[in-house]
Amino acid sequence: MWGLTLATALFSSEDISSVQWQLMDGSQLLGVGEHQLTVWDLDTGRGAAAVSSEIPCPGRAQSALTGARWNPHQCCSQVAAACDTHVRGFDLRCGQQAWTVENADAQLVRDLDFNPNKQYYLATCGDDCRVKFWDIRKPTAPLKVLVDHSHWVWRVRFNHFHDQLVLTSSSDWRVLLTSAASLSSEPYGHLLDDDDDGPAQSGAQLADGQLACCEEHEDSVYAAEWSSADPWTYASLSFDGRLVVSRVPRQVKYKILL
Amino acid sequence: MAAPGGSSDAQRRARNAALKDYYGCKASSEMADNDLYNLNSPHFNPDMYLHQLIKESSLTDLMDTEANIYKQIQSLDSEMQTLVYENYNKFISATDTIRKMKVDFKKMEDEMERLAENMTHITAFSATVSDTLQVRRDEINKLSNTHVMLKKLQFLFELPAQLKDAIDKENYQQAVEYHLQSERVLEQYGTAPDTASLQGLRAESAQSITRLVAALQDRLQDDQATPEQIRESVQLLLQLGQPAETLCSRVIAHAQRRLAGDLAQLTNQVELARAAADSDRPTELRLHLPKDVLEFVDVDCSSFLSNLSLFVTSYKELFLEPKSRCPEAAGRLSDCVRSQMDSLLSAVDSRLSLESAAGGAAVLARALDRLYRRLQASAAVLPDGDAYVSLMVFLCNSDTIPECLAGMDLIGGATERRCRQSLSQLCAHLQQSLSAVRQALVVPAPAPSSAEPPPLAEQLATFLGGLAEQIRATVTDLKAFIQPELSFGVQARFRNTFCRQHVRETVVVGFFRHFVETCRGFCDAAGGEKTSPSVLLLLSRACRDLDTSTVHYLMNFVDDLLRIEDKSGLTPLADINSEVRAAGQQLINHFVRVQGLAVSQMLRKSVATRDWQHANEPRSVRSVMKRVVEELAMMDAQVGSVYEEGAARWEQHNSSDSSRRPYHGPGSQRQRHEWSSYAPSQVDSGLVANIQKLFSERIEIFAPVEFSKVSILTGIIKIALKTLLECVRLKTFSKFGLQQIQVDVYYLQVNLWRFIADEKLLHGLLDEVLGSAIHRCLQPALMEFSVVEALCDRG
């Protein structure tokens, strides 16, 4: 209903490369420009939008922002942006840089994602073919580095429900499903669903490592996302226009559930 | 006739009986009949003989027989007479002799009687003499007893003075002798009722003895006393009946004090050496120069050990031989010796640990040799002495394990330390030569000439040569420890551990490991950024050379030099080789990655910073592309100076080159067709690309490369082109933008074939770049191929 109205209202001083809804109630919108982030306040009742804040991102002139994410914790008061080889976190309440992960990637950070269930945990990926997990309270060294891809990694996504499942897509034509159980919010031996019939087998724990490799694509895979409806489904999209919808392997699923 | 016959018969019978008796013949009842008729038989029956004779014989025969017998009787008679006569003569002479003897005996009897008489006289005289002398003798006896008694008493009375005198003159030996004598005397009279004088005497002498004992014990306390004096004092004190237990603890304490002096000197030397090692001050400024390790062992340790041996010898003489005077003496001695040896060995140990690697192994080896010899020499004297030389020997003989440092362990530790030092020296040398290489490679880098390959190869040779030389020198240096003239070097156990564990494993294998580690360090993200690619290249080649020959050669050299035959339990050659090879692979992969990223960085910036939507019509190849090609040519030259071409696909490559070289040759026909395929309609261009992909293999961008120039360059180009592809996909192009890309891609195509192993790969990647650009183009219209060619030619 209000789509038309808003289309005219979203105005920014720069080209916007991507837009994201605020994760809590969708009352705000984050736009990623070349050198700044723009946050709009949406008033759905009146169908109006106003620029809430514009946050310039420090950095060299030729290095544009490659992506940004809302921090799902702390009432979405933070956003993080991938800028050149760094990740910068901004506090929206004051519009200042709150934290930074210097040299998160040797070449260029392509994407980042917050762990939806565990505060302060962040994953980044980029041109050095590596996926890195960080604790933003200690940004000097990564907690874990995955080196499974053989070219740039374009996308990294945590599963919203079972955050040990990490989805990555890369221009080496592969989509990888990896387990990062050691960094997950689910502790070992914890029963997620109490209504399951069998008790958990202590030996059937999910370990760290690659779980599935989707090689259906025949070109660079630029996007990969988890389904918001089903925690066990994900989709990936490659340059040649192929969309592949995959499921988490059954054994993995059982291992996590049981 | 008959009468003589009859008488001769009786005679004969008697004779026969006599003979029979003589010969002991027995008449037996079963004698033969003819015996009765035999004249010579003992059972001869003359009646029956005669009867038979008369009965059987004729008269003449009888006559003859009679005559015959008569003759025989005659001769027998005469024989008997002769015999009787002879025996009679002998009897007569015997009788004469007996008569003569009777006369002689008579004479002798008289003389004997005279002798007995004389003897009786003598006995009588002697009794008289002795009777007269008896009285005097008793008197003399008494007198001489008194004399002895008086002498003793005189000695007793003089004793205190004598004792005092002897003590004052420090003639303790004499004093003790006096005392012992007086002791005996006093004991003798101990039971006698004490006279005042005796008591006084006793008190006085006791006083002197107390003084004497005090003086002797003072001497024991005196640190300046020589071992001989100590020994004398202890001997005297023992004679004086002082308890052996306290004495031996005193002697030990004295020895400990004396040895502590020596030990202080030792520790002083250690401190000096430590100070020398710590401080950077020049040597001339220091007042006390530490002795070098040889002198240290030679002078200080030797003096300590000889003092200790001296002490132990005298101690054993005093307390342990011939039988132990004090039950704990032996235990105390060995405790004391153990603690002293422990402190000695730990002092030596700390001194040895301060010995820097700069001194050369030979000096240290000699020092250790001396030490070992000294220890061995002392071992004969010291209780459990062998334990201090070598723990093993001791363990064979005894069940108890002493908690001490053994000399052999010390030597083992020192040599092991030495090996570690050598290892760190080698590592330091590696660092040095690495930085030298880095410097040498950095300096000519700015010079823009393609004629610089020689330095790299030269550097490589110098680097490897230096490495090998250093290892050889180190091992040869370390060999000093196992020279046959060294006493400890010949021990099989030491030799074994030293050669196998220390030199081979710790030094040589350890160095190779370190080298591999260092190489890996260059590949790490942290260290890799700062390293110049040429160093990576050189190191990778060095790894390869090490793998193929140098490691093998050096290990053989070491094994030969140290005569290691049994290789079980040692790191096999193949392991080192594979480690080195893996490091080389890692390095070359890293090199490719670094160089690829450098090139792709250029490409990315050039694509990202340009406004492709408002581009002008392309007039030439963009300068970035030219730079990229130049850069690749330089890398090619650099890699070519170190690595061989790589045979794979080269022939095939060459043949296609020749067709490619003239741009307008027949070979370009196919290209034209390929390129023009995009032109008619952009709808099916994606389809074409997809179909192409179906037949092409998946390209691993950061795949491992082989050790050849072509493979390395292919790796770099793959990375660069993939970057170009990804960057192009992020942009939106106008018509002219697309055409610019077309020109650039063509330029790359005609220039990069030289470097790459598989042309299809190059084509595939470049086609994808152009295809993506077409995808991202608002008005996809390609240029005429001839114009593209012309533009590239002009560039």
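How many salt bridges does the rule find across the interface of chain A and chain B? In this predicted model, the count across that interface is two. One of the salt bridges joins D219(A) to R729(B), and the closest N and O atoms of this pair lie 2.7 Å apart, which falls within the 4 Å that the rule allows between a side-chain nitrogen of Lys or Arg and a carboxyl oxygen of Asp or Glu.

The contact around these bridges draws 24 residues from chain A and 21 residues from chain B. Between the two chains an area of about 2000 Å² is buried, and carbon and sulfur atoms account for 51% of that area.

Turning to the surface of chain B, the reader can follow helix α4, which covers residues 59–168 and includes E109(B). E109(B) belongs to a negative surface patch, whose other members are D110(B), E111(B), E113(B) and E117(B). Helix α4 of chain B also holds I122(B), and this residue takes part in a patch of another kind, a nonpolar one on the surface that it forms with M112(B), L115(B) and M119(B). Together, the four residues of the nonpolar patch have about 420 Å² of accessible area.

Notes
Residues numbered from 1 in each chain as written. Chains lettered and ligands numbered in written order. Predicted model: local features only at pLDDT ≥ 70, side-chain atom pairs only at ≥ 80, totals over all residues. Heavy atoms only, no water. Patch = residues over 30% accessible without salt bridge, like charges linked within 9 Å, V, L, I, M, F, W, Y side chains within 5 Å. Areas by Shrake-Rupley, 256 points an atom, 1.4 Å probe, with all protein chains shown as cover. Lys, Arg positive; Asp, Glu negative; His and termini not counted. Charge placed at Lys NZ, Arg CZ, Asp CG, Glu CD. Helix = DSSP H or I, 4+ residues; strand = E, 2+ residues; numbered from the N terminus. Contact = heavy atoms within 4.5 Å. Buried area = accessible area lost by both parts, 1.4 Å probe.
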